[in-house]
Amino acid sequence: MNSSESTEKELLKKVLLPLLEDFTYWFSRSSTLLESETMPFLSADEQGNLLDRIKHAQSEVQSATVLFKVTDCQVGIDTKVLIPWHRLVGECWQVTRQWRSIQP
């Protein structure tokens, strides 16, 4: 492995792995909330759809994480894949914020 490949690998390890861990954390937290609480500001269909999208994203993130680790941190992830996860996390934050605002 040349110096450039080593540097790229370390950069991926320092940036991508924590990002994948963050996605895993937020999707897990949001999934737990949506499974345990009824969101009065969402219809049952909207809540179910959001939960389904989160579970699908969790599966994708888990697969990406396994692939990243199995390849010894040599595989990146296209931003076309990351952007929808990022948007979904933002949507999860909005739902959580709304839910907290109505809690006593």
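A cavity here is a set of grid points where a 1.4 Å probe fits but cannot get out. The legends below refer to a predicted model.

**Figure 1. Confidence along the chain of the predicted model.** The protein chain averages a pLDDT of 93, and 94% of the residues score at least 70. Among the elements, α1 has the lowest mean pLDDT, at 90, while α3 has the highest, at 97. Where pLDDT is low, the predicted coordinates should not be read in detail.

**Figure 2. The cavity and the residues that line it.** With a threshold of 30 Å³ or more, the count comes to 1 cavity. The volume of the largest cavity is about 30 Å³. Its lining consists of S30, L33, L34, L50, C92, V95 and T96. Two elements, α1 (3-36) and α3 (79-101), give two or more residues each to this lining. By class, the lining of the largest cavity holds 5 nonpolar and 2 polar residues, with no charged residues.

**Figure 3. Helix α2 and its buried positions.** Helix α2 covers residues 44-70 and has 27 residues. From its first C-alpha to its last, α2 reaches 39 Å, close to the 39 Å expected at 1.5 Å a residue. The buried residues of α2 are Q47, L50, L51, I54, A57, V61, A64, T65 and F68. An α-helix has 3.6 residues a turn, so residues three or four places apart point the same way. L50, one of the buried residues of α2, also belongs to the lining of the largest cavity. Just after α2, D72 takes a positive phi of about 60°.

**Figure 4. Surroundings of Q47 in helix α2.** Q47 counts as buried because its relative accessible area is 11%, and the cut-off for buried is under 20%. Not counting residues up to four places away in sequence, Q47 touches L34, E37, T38, M39 and L42. Of these contacts, L34 is also one of the residues lining the largest cavity.

**Figure 5. Surroundings of W26 in helix α1.** W26 has a relative accessible area of 26%, so this residue is partly exposed; that class lies between the cut-offs of 20% and 50%. Leaving aside neighbours within four places in sequence, W26 is in contact with V89 and W93. W26 and L50 are 24 residues apart along the chain, and their C-alpha atoms are separated by 13 Å.

Note on methods
Residues are numbered from 1 along each chain as its sequence is written. This is a predicted model: local features need pLDDT of at least 70, side-chain atom pairs count only at pLDDT 80 or more; totals for chains, interfaces and linings use all residues. Side-chain values use heavy atoms; hydrogens and water are left out. On a 1 Å grid over the protein atoms alone, a cavity is a set of points where a 1.4 Å probe fits but cannot get out, and a pocket is an open set with protein on both sides within 12 Å along at least five of seven lines; lining residues have an atom within 4 Å of a point. Grid points are joined across faces, edges and corners, and a volume is the space filled by probe spheres set on the points. Helices (H or I, at least four residues) and strands (E, at least two) are DSSP runs, numbered from the N terminus. Ala, Val, Leu, Ile, Met, Phe, Trp, Tyr, Cys and Pro count as nonpolar, Asp, Glu, Lys and Arg as charged, and the others, Gly among them, as polar. Buried means under 20% relative accessible area, exposed over 50%, partly exposed in between (1.4 Å probe, protein chains only). Contact means heavy atoms within 4.5 Å. pLDDT is the predictor's confidence in each residue, from 0 to 100. The expected span of a helix is 1.5 Å times one less than its number of residues.
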